[in-house]
Each structure stands twice: as structure tokens, then as C-alpha cells.
Number of protein chains: 2
Amino acid sequence: MTVTGETDRREAAESLALALVGAGMQRMAARALAAFLFSDKESLTAGDLAEELGVSAGSVSGAIKMVAQMGLIERSFVAGSRREHFRMRDNAWTTLYSRQHSIIDDVLSAVERGVDAVGAGPAYGRLTYMRDFYTYLLNEVPALVERFEEQRSGRRGESRP
Amino acid sequence: MTVTGETDRREAAESLALALVGAGMQRMAARALAAFLFSDKESLTAGDLAEELGVSAGSVSGAIKMVAQMGLIERSFVAGSRREHFRMRDNAWTTLYSRQHSIIDDVLSAVERGVDAVGAGPAYGRLTYMRDFYTYLLNEVPALVERFEEQRSGRRGESRP
DNA sequence: CCCAGTCTTCAGAAATTTCTGAACGTTCGC
DNA sequence: GCGAACGTTCAGAAATTTCTGAAGACTGGG
């Protein structure tokens with residue numbers, strides 16, 4: 001492992017935030033998520049985030065709301081602290097893929113309405129293919145996630161530093 | 001199957017476009033893609049699209065470029081026509097999931113740099129878990145797509161109208 | 001070679017999104 | 001209860017994205 005400083009950590013965090021923006025995430029939400037990932041504290045408060053990211057309390061409030069809605073962070077009650085703490089959820093990533101179901105579901109419903117709205121012809125063929133593909137995906141994701149969990153728990157701790 | 005008119009088809013197309021926007025796609029690209037999906041022509045020209053969507057030629061040009069870059073449509077040479085035709089690619093959806101690799105790859109690289117930038121501690125654990133999850137996903141997608149193709153080709157034509 | 005038809009590019013207008021800062025709640029210690 | 005510490009909300013400013021329309025480029029027929 002390389003010896004690195006706080007600057008490298010910040011840069012790496014911003015770099016990840018950028019990649020997440022490229023993947024369709026909103027800027028501030030991505031920066032907040034990266035901050036959670038890269039922090040060595042177990043939980044962060046809104047104030048911590050505002051300082052770390054150099055933005056207003058208002059922005060942080062909105063960003064936290066978004067990331068929480070994605071199911072990636074959760075409120076965490078810390079004894080002896082009045083402030084509200086947030087931490088990454090243990091199963092953040094696998095949960096994310098369940099949440100994405102609802103997004104694909106919306107697409108799938110629209111496609112299904114399309115299938116009903118067109119008569120026989122090329123459009124019908126395209127729409128049913130699309131429907132079948134996404135239906136298959138939707139069905140397979142839970143098993144996929146489960147296999148990952150099993151595989152990783154079998155190897156737990158092997159590569160920890 | 002319900003008897004439906006052109007208005008229903010348009011509405012269903014716009015509805016799908018909306019769902020795709022919700023999934024992170026850009027507005028005009030989503031509308032263009034929906035137009036391709038719902039058209040009973042095998043191919044469309046930029047002019048066809050401009051008329052169908054009621055937007056300028058400039059907007060259409062940009063939208064086509066985006067959808068083509070996603071690998072969902074391709075140029076199609078039509079004998080006896082000077083205009084440039086575009087059609088949906090046969091394996092548009094499965095290809096899409098290969099292209100998404102590059103997006104996930106970007107995230108994964110950023111995470112990997114993060115792993116190098118942090119010392120032992122909570123951040124290290126979070127980052128390696130994230131890396132492992134997305135690596136697993138990346139590895140599994142091709143097999144998943146292949147299984148879908150096999151299953152569908154086995155049933156080819158069964159449910160065609 | 002020139003023209004008509006078609007597509008692309010690009011500067012700027014319009015719409016939308018994002019961020020801030022100030023005002024307003026809430027909660028807890030005293 | 002009061003006051004201080006925090007967090008949230010919201011109107012508006014700032015930045016960004018998106019769309020248009022006009023100008024330019026390419027292509028093939030005449």
C-alpha cells in the first residue's frame with residue numbers, strides 16, 4: 001500500500017464523485033456520497049459535510065436527502081451528540097440494485113402500454129423484445145446479488161489490511 | 001389486442017420517453033429513441049424524426065448523435081434515397097449493457113484509486129466492498145445476456161401476433 | 001460546375017437545474 | 001420556558017443544459 005496524504009484522499013474522492021456524475025448522479029449528491037465513502041469516521045453530520053465539501057448548509061441538506069432516498073445512507077443515533085449523524089448503510093450497494101428495480105419497472109410499464117397501443121408490425125416486434133429483455137433482467141438481479149453476497153461472506157476478511 | 005389509433009401510439013411513445021428520462025436519459029434522445037421503437041417503418045430519416053417530434057433539424061441532429069453513440073441505432077443505406085436513414089440495431093438492448101460497462105469501469109477505476117489513497121480503516125473497508133461488488137457485476141453481465149439470448153432464441157416466434 | 005436537398009454546427013435565447021443565504025423550526029441543556 | 005446550536009425550507013441568483021434558427025458543408029443530379 002502506498003503512503004498517501006489527506007490531499008490524495010480528497011482528490012480520489014472528487015474523482016469518484018466525477019465518475020458518479022458521469023453515471024447519471026447529481027453533482028452534490030455524488031460529492032456527498034464520496035465523502036461518506038472516503039471518511040474514516042463511522043458517521044458524519046450535516047455540518048461535517050458542509051465543511052468537508054465547502055458548501056452551504058442548504059446544499060448539504062438537499063444532498064443528504066437525495067442520498068438517503070437512494071437508500072445509501074441512514075440516520076445514525078450517536079450517544080452524547082445532539083447533532084444528527086448519518087452513515088452508509090451496510091448493504092448500500094446491493095440495496096441500490098433493488099431500488100433500481102422501480103426505475104426499470106417504470107420503463108417496463110411504459111413498454112407494456114406500448115405493446116397494447118400498436119398493432120402487428122415492426123414496432124410490435126421491437127417492443128416485445130425490449131419487454132422480454134428487461135423482464136429477464138428484473139428477474140435475475142436478486143439471484144445475482146445473492147450469489148455475490150454468498151461468495152463474499154465465504155471469503156470474509158481474507159484481504160483486509 | 002386492443003384496437004388503437006395513432007394518438008395512442010404517440011402517447012405511449014411519449015410516456016416511454018418520460019420513463020427513460022426518469023432513468024437518466026436526456027430528453028430529446030429519449031424522445032428520438034421512443035420514435036424509433038414505435039415506428040412501423042424499418043428506418044427513419046432525420047427529417048422524419050423532426051416532423052414526428054415537432055422539433056428543429058438541429059435538435060434532431062444532436063439527438064441522433066447521442067442515441068447512435070449509445071449503440072442503439074445505426075446508419076442504414078436505403079436504395080434510391082438520398083437521405084440518410086437510421087434504424088434500431090438488432091441487438092440494441094444487449095449491446096447497451098456492454099456499453100454500460102465503460103461507465104461502470106470509470107467508477108471502478110476511481111474506487112481503485114481510492115483504495116490506494118486511503119490507509120487501513122473504515123474507508124478502506126467501504127471502498128473494497130464497493131470495488132468487489134461492481135467487479136462481480138461486471139463479470140456476470142455477459143453470461144446473463146447470453147442466457148437471455150439463448151432462452152429467447154429457443155422460444156423464437158412463439159408469441160408473435 | 002452549379003444547384004437543390006439534406007444534414008451538421010454553432011452562437012445565442014430560453015428553460016431548467018443547482019446553489020446560496022436568510023428566515024424559520026426543533027431540540028436540548030440549563 | 002429561554003437561549004443556543006443545528007437542521008430545513010425557500011426565494012432568488014448563478015450556472016448549466018437544452019433548443020432553435022441561421023449559416024455552412026456535403027452530395028449527387030442535371
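Start at B:Lys65 and DNA strand C. A phosphate oxygen of the strand is 2.9 Å from an N or O atom in the side chain of B:Lys65. That is a polar contact (a pair of N or O atoms within 3.5 Å; within protein, one must be able to donate a hydrogen and the other to accept it, and residues adjacent in sequence count only if both atoms are side-chain atoms).

Before going on, note that this is a predicted model, where local features need pLDDT of at least 70, side-chain atom pairs count only at pLDDT 80 or more, and totals for chains, interfaces and linings use all residues. Residues are numbered from 1 along each chain as its sequence is written, chains are lettered from A and ligands numbered from 1 in the order in which they are written, and side-chain values use heavy atoms, with hydrogens and water left out.

**Stop 1: the rest of DNA strand C**

Select A:Gln26. One of its polar side-chain atoms lies 2.7 Å from a phosphate oxygen of DNA strand C. Move to A:Arg27. An N or O atom of its side chain is 3.3 Å from a phosphate oxygen of DNA strand C.

Now show the elements behind these contacts. α2 (27-38) and α4 of chain A, with α3 (46-53) and α4 of chain B, each give two or more residues to the surface near DNA strand C. Helices (H or I, at least four residues) and strands (E, at least two) are DSSP runs, numbered from the N terminus. Colour α4(B): it gives the most to this surface, with four residues.

Widen the selection to everything near DNA strand C ("near" means that one heavy atom of the residue lies within 4 Å). You should have 19 residues around the strand. The closest are A:Gln26, A:Ser59, A:Arg82, B:Ser61 and B:Lys65. Colour the surface by class: four residues are nonpolar, eight polar and seven charged. Here Ala, Val, Leu, Ile, Met, Phe, Trp, Tyr, Cys and Pro count as nonpolar, Asp, Glu, Lys and Arg as charged, and the others, Gly among them, as polar.

Which parts of DNA strand C come within 4 Å of the protein? Of those atoms, 80% belong to sugar or phosphate and the rest to bases.

**Stop 2: DNA strand D**

Switch to DNA strand D. It is surrounded by 19 residues, the closest being A:Lys65, B:Gln26, B:Arg27, B:Ser56 and B:Ser59. Sugar and phosphate account for 79% of the strand D atoms within 4 Å of the protein.

Pick out three side chains in turn:

- A:Lys65 has a polar side-chain atom 3.0 Å from a phosphate oxygen of DNA strand D.
- B:Arg27 has a side-chain N or O atom 3.2 Å from a phosphate oxygen of DNA strand D.
- A:Ser61 has a polar side-chain atom 3.3 Å from a phosphate oxygen of DNA strand D.

Next, display α3 (46-53) and α4 (57-69) of chain A, then α2 (27-38) and α4 (57-69) of chain B. Each supplies at least two residues of the surface near DNA strand D. The largest share, four residues, comes from α4(A). By class, the surface near DNA strand D has four nonpolar, eight polar and seven charged residues.

**Stop 3: the sheet of chain B**

Hide the DNA. Show the strands of chain B. They form an open sheet of three strands in the order β1-β3-β2, with antiparallel pairing. β1 (44-45) and β2 (73-76) of chain B each have a single partner strand, so one side of each is left without a neighbour in the sheet. Strands count as paired if DSSP finds at least two bridges between them.

Follow β2(B) along β3 (residues 85-88) of chain B: four bridges link the two. B:Ile73 is bridged to B:Met88, and B:Ser76 to B:His85. On the β1 side, two bridges join β1(B) to β3(B). There, B:Thr45 has B:His85 as its bridge partner.

Add α2(B). This helix lies across β1, β2 and β3 of chain B, at about 80° to β3(B). The angle is taken between N-to-C directions, from 0 to 180 degrees, with axes as lines fitted to C-alpha atoms, for helices over the stretch in contact.

**Stop 4: chain A**

Go to chain A. What is the order of strands in its sheet? It is β1-β3-β2, an open sheet of three strands with antiparallel pairing. The edge strands are β1 (44-45) and β2 (73-76) of chain A. β1(A) pairs with β3 (residues 85-88) of chain A over two bridges, and A:Leu44 has A:Phe86 as its bridge partner. α2(A) lies across β1, β2 and β3 of chain A, at about 80° to β3(A).

Finally, zoom out to the domains of chain A. The assignment, automatic or from a database, gives domain 1 (6-88) and domain 2 (92-154). Their centres, taken over C-alpha atoms, are 30 Å apart. Seven residues of domain 1 are in contact (heavy atoms within 4.5 Å) with five residues of domain 2.
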